[in-house]
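I opened a fresh page for this one and went looking at a helix and at the aromatic rings. Here is what I noted down along the way.

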Amino acid sequence: TGAGAGIGSAIAKAFAQQGCNVLLVDRDEDNVKQVVRECQHIQQQQQQQQRQQQRQQQQSLLLCDYFVCDVTNKKQVHESVQYADSLASKYQHSITKHLQQQQLQQ
């Protein structure tokens, strides 16, 4: 199942609720975009709750993105994995930069 509906969508939202970074894959771009928006909203609510609980904590960086892919197409599956790898690398760089900025502010 893809992340654009049903159990895939529910799993993505559950991970977002737990404060996880999520990369959703589905062959229906309209559906997966809607789930991305819902996950981003969940992540924003989660961040607000965390900020209320810990006033001193800086805003954390959370990722929610998607890749359109039909898992029966090997080329698209390979491209989605490459995309996930590139996001992980970019995200790691953003986290490092964010942490360095926090250290400079202290």
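**Entry 1, the buried side of α1.** I listed the buried residues of α1 and got G8, S9, A12 and A16. I then looked down the axis of α1: these buried residues fall within an arc of 100°, so they line one face of the helix. That fits the textbook picture, since an α-helix has 3.6 residues a turn, so residues three or four places apart point the same way. I should add that I am working from a predicted model.

**Entry 2, the other side.** I turned to the face of α1 that points away from the buried side and found the exposed residues G6 and I7 there.

**Entry 3, length and end.** I checked the span of α1, which runs over residues 6-17. Its twelve residues at 1.5 Å each should span 16 Å, and the end C-alpha atoms are 17 Å apart, which agrees. Just after α1, I noted that G19 takes a positive phi of about 85°.

**Entry 4, aromatic rings.** How many aromatic pairs are there? I counted one. F67 and Y83 form it, with 5.4 Å centre to centre and 35° between the planes, and the pair is tilted. F67 lies in strand β2 (residues 64-68) and Y83 in helix α3 (residues 74-105), so the pair ties together parts that are 16 residues apart in sequence.

**Entry 5, buried or exposed?** I looked up both partners of the pair. F67 has 17% relative accessibility and counts as buried, because the cut-off is under 20%. Y83 has a relative accessible area of 27%, so I wrote it down as partly exposed.

Conventions:
Residues numbered from 1 in each chain as written. Predicted model: local features only at pLDDT ≥ 70, side-chain atom pairs only at ≥ 80, totals over all residues. Heavy atoms only, no water. Phe/Tyr/Trp six-rings, centres within 6.5 Å; stacked < 30°, edge-to-face > 60°. Helix = DSSP H or I, 4+ residues; strand = E, 2+ residues; numbered from the N terminus. Buried < 20%, exposed > 50% of the residue type's maximum accessible area, 1.4 Å probe, protein only. Expected span 1.5 Å × (residues − 1). Arc of directions from axis to C-beta.
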